[in-house]
Amino acid sequence: MFLQTTLRRNPDLIEAAISLHRRQVIGPNTFVIDLDRIAANARLLAEASAAHGLRLQAMTKQHGRNPFVGRAAVDAGIPGVVTVDVPETRILARHGIPIAHVGHLGQVPARDTADIVALRPSAVTVFSLTAAERIGAAAASSG
């Protein structure tokens with residue numbers, strides 16, 4: 001999906017991945033991520049959003065539970081991340097990455113509500129009044 005864009009914008013990443021694979025340093029199904037490029041792009045986005053009074057959040061969906069990517073974005077100036085599920089939220093929070101929004105594609109299961117609300121995200125996805133009431137009650141009881 002992103003190969004043509006990556007070939008055009010970051011051919012060194014493709015060459016590095018090919019070299020690492022050919023030398024059997026990495027195996028099939030390995031993600032090769034340019035953290036320097038992520039940080040540079042995050043810095044540009046953070047500066048542009050600040051200039052326009054916008055509050056930016058890094059979406060973690062494409063790299064899932066990789067705390068190094070989230071850390072690179074936050075260290076570059078993006079104040080928090082959007083996580084798509086509870087396991088991802090827990091992993092990133094355990095690594096000290098600020099959680100801005102939990103959910104996006106799904107909602108927090110009832111049994112995990114108190115733990116997730118305790119992380120103090122600024123937003124939590126809900127799809128029903130019942131879920132909204134549960135999140136609200138957990139938020140009220142945690143202060």
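Let's start with Glu88, a residue of helix 5, which spans residues 86–94. Keep in mind that this is a predicted model. Is Glu88 buried or exposed, and which side chain of opposite charge is nearest? Glu88 is buried, and the nearest such side chain belongs to Arg65, 5.5 Å away. A salt bridge needs a side-chain nitrogen within 4 Å of a carboxyl oxygen, and Glu88 has none. Setting aside neighbours within four places in sequence, Glu88 is in contact with Thr60, Lys61, Gly64, Arg65, Val82 and Thr83.

Arg65 does have a partner elsewhere. Its side chain meets that of Asp85 in a salt bridge, 2.8 Å from N to O. Because Asp85 lies in the loop between strand 2 and helix 5, and Arg65 in the loop between strand 1 and helix 4, this pair ties together parts that are 20 residues apart in sequence. Asp85 is partly exposed, at 28% relative accessible area, and Arg65 is also partly exposed, at 43%.

The structure holds five salt bridges; here are some of them.

| Salt bridge | Closest N to O distance |
|---|---|
| Asp85 and Arg65 | 2.8 Å |
| Arg71 and Asp75 | 3.1 Å |
| Asp112 and Arg90 | 3.2 Å |

Now to helix 4, residues 67–75, where Pro67, Val69, Gly70, Ala72, Ala73 and Val74 are buried. The buried residues of this helix pack against helix 3 (35–51), strand 1 (58–59), strand 2 (81–83) and helix 5. At its N-terminal end, Asn66 acts as a cap, with a side-chain oxygen 2.8 Å from the backbone nitrogen of Phe68. Just after the helix, Gly77 takes a positive phi of about 120°.

Helix 4 also carries a salt bridge of its own, between Arg71 and Asp75. The two residues are four apart, which puts about one helical turn between them. In general, an α-helix has 3.6 residues a turn, so residues three or four places apart point the same way. Arg71 counts as partly exposed at 26% relative accessibility, while Asp75 counts as exposed at 56%.

What does the salt bridge between Asp112 and Arg90 tie together? Asp112 lies in the loop between strand 3 (99–102) and helix 6 (113–118), and Arg90 in helix 5, so the pair links parts 22 residues apart in sequence. Asp112 is buried, with a relative accessible area of 7%, whereas Arg90 is partly exposed at 30%. Through shared partners, salt bridges join Arg90, Arg111, Asp112 and Asp115 into one network.

Definitions and conventions: Residues numbered from 1 in each chain as written. Predicted model: local features only at pLDDT ≥ 70, side-chain atom pairs only at ≥ 80, totals over all residues. Heavy atoms only, no water. Buried < 20%, exposed > 50% of the residue type's maximum accessible area, 1.4 Å probe, protein only. Lys, Arg positive; Asp, Glu negative; His and termini not counted. Contact = heavy atoms within 4.5 Å. Polar contact = N/O pair within 3.5 Å; in protein donor to acceptor, adjacent residues only side chain to side chain.
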